[in-house]
Structure formats: structure tokens, C-alpha cells
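Work through the exercises below with the structure open beside you. Each task is followed by a solution in steps.

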Amino acid sequence: MATRWGICSAGKISHDFAVALKTLPAEDHQVVAIAARKLEDAEEFARKQSISKAYGSYEELARDPNVDVVYVGNIHPYHLKACLLFMNAKKNVLCEKPLAINTKEVKEILDSTKRNQVFFMEAVWTRFFPVSVEVRKMLAQGEIGEVKMVRSKFGVPVLHNRRVVEKELGGGALLNIGMYCLQFVCMVYNGERPESIQATGVCLDTGVDETVVVTLKFSEKRMAVFTYSSSIQLPNDAIIVGTKGTIQIPARMWCPTSLIVNGKETQYPLPEPHFPLNFLNTTGMRYEAEEVRQCLIKGLKESPVMSHSDSLLLAELEDEIRRQVGVVYSQDCQ
């Protein structure tokens, strides 16, 4: 049986997700419905992507008995409401990153998952790329000895994008960009909570973070440092330094297609899209979609690769970074 997907929101990332699903076998994955806040947007999306059902509200999608799992692709200030709607309708959910604005909202989502006994995963797509799978395998096998330092940089000039600048749209470089560096550190250190975290940076006039440097100290004298920015172009790479060597992910560490281990490079090409994409390498979303399918087949309620506790740790660390840099959203005061 194919996993039958419903898509919530007809925006750019949802388009790319639908394109990514087309790179997987049709007998495994099918998009059966799309919902948007305006029916004409959903119908236009459905026409382009050959989807049979188009809805002008998320509630209609939640009631569709033919949907196994919903991909939530609207912007993160609206994730909480959308996730609760679908999970209360007993739908499995894959929700785009960042999962929510703060830890309080993340806990509400995770509580609802357990209460409704549905599968739920935050769509941290980077974790499912073949490069990331290989990195975890090498770390587990002690390929580079004991990890002592993780370093990552991710910066792109995106201040023209209101979604990154405006506070009410969940703006800020951490939630939109920096979380990729943070999730990478958390993955390398296997979900361990750091002993200390120090963040220093600059904010925009809108009150959201623009460029920040974060230092994390872990047990046994292990460190991590990452820099993120919404105003400048950075190398966008990551490196893991161990006692016996290094693992390097060159540029595009958030959607990686190559890996350098002790100087030796290996390529992991992505399948070609059948439609133009809005974002870089987004056919790579196929890997998180396949993870959802495999979890559903096994009857799991969460993915071991991006677990509920992983999402909670990410949110808690994001809250602490924001606190130190001085970014407060209206949701933090509720």
C-alpha cells in the first residue's frame, strides 16, 4: 500500500516537497490532497502537481479519510495550530522545521502526539540525507576516534525576505538558518545536553537576531562552535574533529551532497526534479518522506533519527540562545 499524503499549505516549500515525493516510487508514496487557506491556491497547486483533491481549508483536509499522513508546510508561527488540528483528527504528521516558536509550543505538540497516539516528526530533512547517514555510521564506528570539536557556519543574505525579518512571521536567523547548525551539533553529540552554552550576536531593528556566534561545552572537554547569519554569505560548511581524524561537510551543510573524510571526498548526488524547485537540493526531502513511511510500516510513533526528545532539546537550546541574544516573541509572553 502506498503512503497517502495530504499537504497543508500551498507555498514554495510544499511545492518542493510534492516534487521530491515524485522522485520516489508511486506505489510507495502518493499525494492525494492539498489544502490552502484559499481554495483557488489549492486548486492551482493540485492542477500543477496532478493531485485529485483540493481543499480551501485545513479542516477539510483533517476530515479526509483517505489521508494517512499530513505534511505541514506553512510558516512556523502557525505550526502549533495546524499540528493540533491534524493530530486531534488522528492524522500522522510530518511538520516542517522549526517545529514551533518556543519550547512551550513544542511541548504542546508533543503532548498532543501522545494523547492522540499518532506518528509525529519534525522535518529536519538534513538528518536523512545519505551524507548524514554516513556521518552517523562513521561516528558510531569510531572512524575518527573521540570527537573533540564540532564547527559549523551557515550564512546567507536573506534580509529581503519578510519572513526572516518580521517578528510576527517568526523571523530571526536562528529559527530559519542557525537551527541547521544546532541540529548538526546535537546529532554529532547524540542528543547529549551541553554543560554550558554561550551566545553573542547582533539583532535587527525589528528585534530578531541577525548574526550570532554560539559556543557549546559538553562533558569530557568536548566543544562545539557555530556561526549563523541572515545578512552575509558564510562558507556554509561543517567539520567534526576527532582524535584520529576529521569529517568535513563542504558548502551546503544543510542539504549535503558530498563528504570529505581525512581528505578523501565522496559525492552523494540527488535525483533530478521533474519541475523547477524553489530551494536548493530539495529533492532531498524524499529521504525524510521515506523515513516517515518506514516508521508507519513498523508501527512507530516517532523516528529514532529525529525523535521527540531531539525536537524538545533543539527547542530548549534555541530558547536559551534567544534569551542570551535578547530575542523575545509575543508567544513567549503568553
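**Exercise 1. A pair of strands**

Task: Find how β12 and β13 run relative to each other, and how many bridges join them.

Solution:
- This is a predicted model.
- Take β12 as residues 245–249 and β13 as residues 258–261.
- The two run antiparallel and are joined by two bridges.
- For a check on the register, go to Q248: its bridge partner in β13 is I260.

**Exercise 2. The sheet around that pair**

Task: Give the strand order of the eight-stranded open sheet and name its edge strands.

Solution:
- Write down the order: β8-β9-β10-β7-β11-β12-β13-β14.
- The pairing is mixed.
- Now look at the ends, where β8 (196–203) and β14 each have a single partner strand, so one side of each lacks a neighbour in the sheet.
- Last, the twist: neighbouring strands are turned by 10 degrees against each other on average, with direction ignored.

**Exercise 3. Helices on the eight-stranded sheet**

Task: State which strands α8 and α10 lie across, and at what angles they run.

Solution:
- Start with α8, residues 173–188.
- This helix lies across β7 (147–155), β9, β10, β11 (238–242) and β12.
- Against β10, α8 runs at about 160 degrees.
- Turn to α10, which lies across β8, β9 and β10.
- Its angle to β8 is about 50 degrees.

**Exercise 4. The six-stranded sheet**

Task: Describe the order, pairing and edges of the open sheet of six strands.

Solution:
- The order reads β3-β2-β1-β4-β5-β6, and the pairing is parallel.
- The edges are β3 (53–55) and β6 (120–123); each has a single partner strand, so one side of each is without a neighbour in the sheet.
- On average, neighbouring strands are turned by 25 degrees against each other, direction ignored.
- Look at one pair: β2 (residues 29–35) is joined to β3 by three bridges.
- Within this pair, I34 stands opposite A54.
- Add a helix: α1 (residues 12–21) lies across β1 (3–8), β2, β4 (69–72) and β5 (92–96).
- α1 runs at about 165 degrees to β1.

**Exercise 5. The annotated region**

Task: Say what UniProt lists for residues 4–121, and give the secondary structure content there.

Solution:
- An unreviewed UniProt entry lists these residues as "domain: Gfo/Idh/MocA-like oxidoreductase N-terminal".
- The content is 43% helix and 22% strand.
- The C-alpha atoms at the two ends of this stretch are 16 Å apart.

**Exercise 6. Helix α5 and its flanks**

Task: Compare the span of α5 with the expected value, then locate its packing partners.

Solution:
- α5 covers residues 103–116, 14 residues in total.
- From first to last C-alpha it reaches 20 Å, close to the 20 Å expected at 1.5 Å a residue.
- Its buried residues include V106, I109 and L110.
- The buried residues of α5 pack against α4 (79–88), β6 and α10 (308–325).
- Just after the helix comes Q117, with a positive phi near 55 degrees.
- In the loop between β5 and α5 lies P98.
- A cis peptide bond joins K97 to P98, with omega about -15 degrees.

**Exercise 7. Buried or exposed?**

Task: Classify K221, N281 and D310, using under 20% relative accessible area for buried and over 50% for exposed.

Solution:
- K221 sits in the loop between β9 (209–218) and β10 (222–229).
- Its relative accessible area is 73%, so K221 is exposed.
- N281 sits in the loop between β14 (264–267) and α9 (286–298).
- At 17%, N281 is buried.
- Check the backbone: phi is positive in K221, near 60 degrees, and positive in N281, about 60 degrees.
- D310 lies in α10, and at 15% it counts as buried.
- Leaving out residues up to four places away in sequence, D310 touches R127, G191, P304 and V305.

**Exercise 8. The whole chain**

Task: How many helices and strands does the protein chain have, and how compact is it?

Solution:
- Count ten helices and 14 strands.
- The radius of gyration is 19 Å, close to the 20 Å from the globule rule for 334 residues, so the chain is as compact as a globular protein of that length.
- Of the 334 residues, 56% count as buried.
- Among contacts with a separation of 6 or more, 69% come from residues 24 or more positions apart.

Notes:
Residues are numbered from 1 along each chain as its sequence is written. This is a predicted model: local features need pLDDT of at least 70, side-chain atom pairs count only at pLDDT 80 or more; totals for chains, interfaces and linings use all residues. Side-chain values use heavy atoms; hydrogens and water are left out. UniProt positions are given in the numbering used here, feature names are shortened, and annotations may be inferred rather than shown by experiment. Helices (H or I, at least four residues) and strands (E, at least two) are DSSP runs, numbered from the N terminus. Two strands pair if DSSP finds at least two bridges between them. Axes are lines fitted to C-alpha atoms, for helices over the stretch in contact, and angles run from 0 to 180 degrees between N-to-C directions. Contact means heavy atoms within 4.5 Å. The expected span of a helix is 1.5 Å times one less than its number of residues. Buried means under 20% relative accessible area, exposed over 50%, partly exposed in between (1.4 Å probe, protein chains only). The radius of gyration is taken over C-alpha atoms; the globule rule is 2.2 Å times the number of residues to the power 0.38.
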